[in-house]
Amino acid sequence: MTSHSHHGHGHDHNHEAGHSHAPDVTKKNSRRALGAMCLTAGFMGVEIIGGILSGSLALIADAGHMATDAAALGLAYYAFHLSARPADPVRSYGYHRAETLAAFVNALAMIGLVIWIIAEAVQRFFDPVEVIADLMLWVAAGGLVVNVFSFWLLHTGDRENLNMRGAAVHVMGDLLGSVAAIAAAVIILATGWTYIDPLLSILVALLILRSAITLARQSGHILMEGTPAGLDLDEVRTDLTHTITGVEDVHHLHAWSLTANQTVMTLHARLNGSAQTDAVLGLISNRLRNKFNIDHATVQIENGPCSPGCSDIF
């Protein structure tokens, strides 16, 4: 049995072409993340003071959310810088996973915050706190303006990027927090019913929780080397054996994601005796690129009979 383990023809050229605009996108993303971070961190202090002075949990919850937000955006900014660093002997794939790791940490921080807000809100139902609603209204309105601008900054960036989406999810939660705080202030001013403050805090917390769980699942799947969403390995195996003459069997097939939009694959292809190794290798690489959008594939060719047990190998 002979084996050739190398990348398909045309791979390097294609891979470089795909990377030529990446640093520009990353630079734009990191600038947006930094701008949003400065805005968020700046107004967070105002909300904490406003929340303490007015007695509003909705404001303090929003400020707490802004604190994890500022940290999240800082983490996102740092991750963009890391992922732009070239590959080296220690990190042969480069630092792309830093973005996914940042998104996962963000999601966990959000879940922790949600638990704190709900616990605090439940306590306030039993022990109501007096709220100065007009001060609360002004601070919440200021928060809304800051959050709308931050969200616009992030949302007009790269929407495919998991890290950008993670940062935008944070700011979206903030935006909802500001809207809830404004609504609570208006209701308290109109009716004096202070229970609306913890009630709306819980509502916002649950909305944040939904986004955080989705983000944790997506980034966790990538970190666990899960098969990329929408890619069926059985379909890849069947497609290659049926469409490429000379390929008898495909096994040791693995696919994973470096980032949310970068897929990597390795596979062994067993050929029949008459197949031309180099020609088949080129056909497999082209098929993976054109049909399955996989640029980075390592293909090992096996000639001759199947070794014992190879048909059992996934």
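Is Ala41 buried, exposed or partly exposed? In this predicted model, Ala41 is partly exposed, because its relative accessible area of 35% falls between the limits set for buried and exposed residues. The residue belongs to helix H2, which covers residues 22–54, and its C-alpha atom is separated by 6.8 Å from that of Ala67, although the two residues are 26 apart along the chain.

Ala67, for its part, is found in helix H3, where a relative accessibility of 32% places Ala67 among the partly exposed residues. A second pairing involves Thr40, whose C-alpha atom is 7.8 Å from that of Ala67, with their positions 27 residues apart along the chain.

**The protein as a whole**

The protein contains 9 helices and 4 strands, and when it is read along the sequence these elements follow the pattern β-α-α-α-α-α-α-α-α-β-β-α-β. Of its 314 residues, 46% are buried. Among the contacts between residues at least 6 apart in sequence, 78% join residues that are at least 24 apart.

**Two helices described by their length**

Helix H5, which runs over residues 133–155, has 23 residues and reaches 31 Å from its first C-alpha to its last, close to the 33 Å expected at 1.5 Å a residue. The buried residues of H5 include Ala133, Met136, Val139 and Ala140 towards the start of the list, and Phe151, Leu153 and Leu154 towards its end; Gly143, Asn147 and Ser150 are also among them.

Helix H6 has 30 residues and reaches 43 Å from its first C-alpha to its last, which is close to the 44 Å expected at 1.5 Å a residue. Just after H6 comes Gly192, a residue with a positive phi of about 75 degrees.

**How pairs of helices cross**

The table sets out the axes of three pairs of helices.

| Pair of helices | Axes come within | Crossing angle |
|---|---|---|
| H3 (residues 57–83) and H6 (residues 162–191) | 9 Å | roughly 165 degrees |
| H4 (residues 97–126) and H6 | 8 Å | roughly 20 degrees |
| H8 and H9 | 11 Å | roughly 130 degrees |

For the pair H3 and H6, the axes cross at roughly 165 degrees, and because this angle is over 145 degrees, H3 counts as roughly antiparallel to H6. The crossing of these two helices is left-handed. On the side of H3, the residues that meet H6 include Ala58, Leu59, Asp62, His65 and Phe80, while H6 contributes residues including Asn163, Met164, His170, Gly173 and Ala181. Sorted by class, the contact of H3 with H6 has 12 nonpolar, 7 polar and 3 charged residues.

H6 also meets helix H4, and here the angle of roughly 20 degrees is under 35 degrees, so H4 and H6 are roughly parallel to each other. H4 passes H6 in a left-handed crossing. The residues of H4 in this contact are Glu99, Thr100, Ala102, Ala103, Asn106 and Met110, and they meet Leu162, Asn163 and His170 in H6. By class, the residues of the contact of H4 with H6 divide into 4 nonpolar, 4 polar and 1 charged.

The axes of H8 and H9 come within 11 Å and cross at roughly 130 degrees, an angle that makes H8 oblique to H9. In this case H8 passes H9 in a right-handed crossing. The contact is made by Glu235, Val236, Asp239, Leu240 and Thr243 of H8, together with Ile284, Arg287, Leu288, Lys291 and Phe292 of H9. These residues of the contact of H8 with H9 divide into 5 nonpolar, 1 polar and 4 charged.

**Two loop residues with positive phi**

Most residues other than glycine have a negative phi. Against that background, Glu225 has a phi near 60 degrees, a positive value in a residue other than glycine. Glu225 is placed in the loop between helix H7 (196–223) and helix H8 (233–243), and with a relative accessibility of 40% Glu225 counts as partly exposed.

Asn293 likewise has a positive phi, of about 60 degrees, although it is not a glycine. Its place is in the loop between helix H9 (277–292) and strand S4 (296–303). Asn293 is exposed, because its relative accessible area of 65% is over the 50% limit.

How values were computed:
Residues are numbered from 1 along each chain as its sequence is written. This is a predicted model: local features need pLDDT of at least 70, side-chain atom pairs count only at pLDDT 80 or more; totals for chains, interfaces and linings use all residues. Side-chain values use heavy atoms; hydrogens and water are left out. Buried means under 20% relative accessible area, exposed over 50%, partly exposed in between (1.4 Å probe, protein chains only). Axes are lines fitted to C-alpha atoms, for helices over the stretch in contact, and angles run from 0 to 180 degrees between N-to-C directions. Angles under 35 degrees count as roughly parallel, over 145 as roughly antiparallel, 65 to 115 as roughly perpendicular and the rest as oblique. A crossing is left-handed if the near helix is turned anticlockwise from the far one by less than a right angle, and right-handed if clockwise. Contact means heavy atoms within 4.5 Å. Ala, Val, Leu, Ile, Met, Phe, Trp, Tyr, Cys and Pro count as nonpolar, Asp, Glu, Lys and Arg as charged, and the others, Gly among them, as polar. The expected span of a helix is 1.5 Å times one less than its number of residues.
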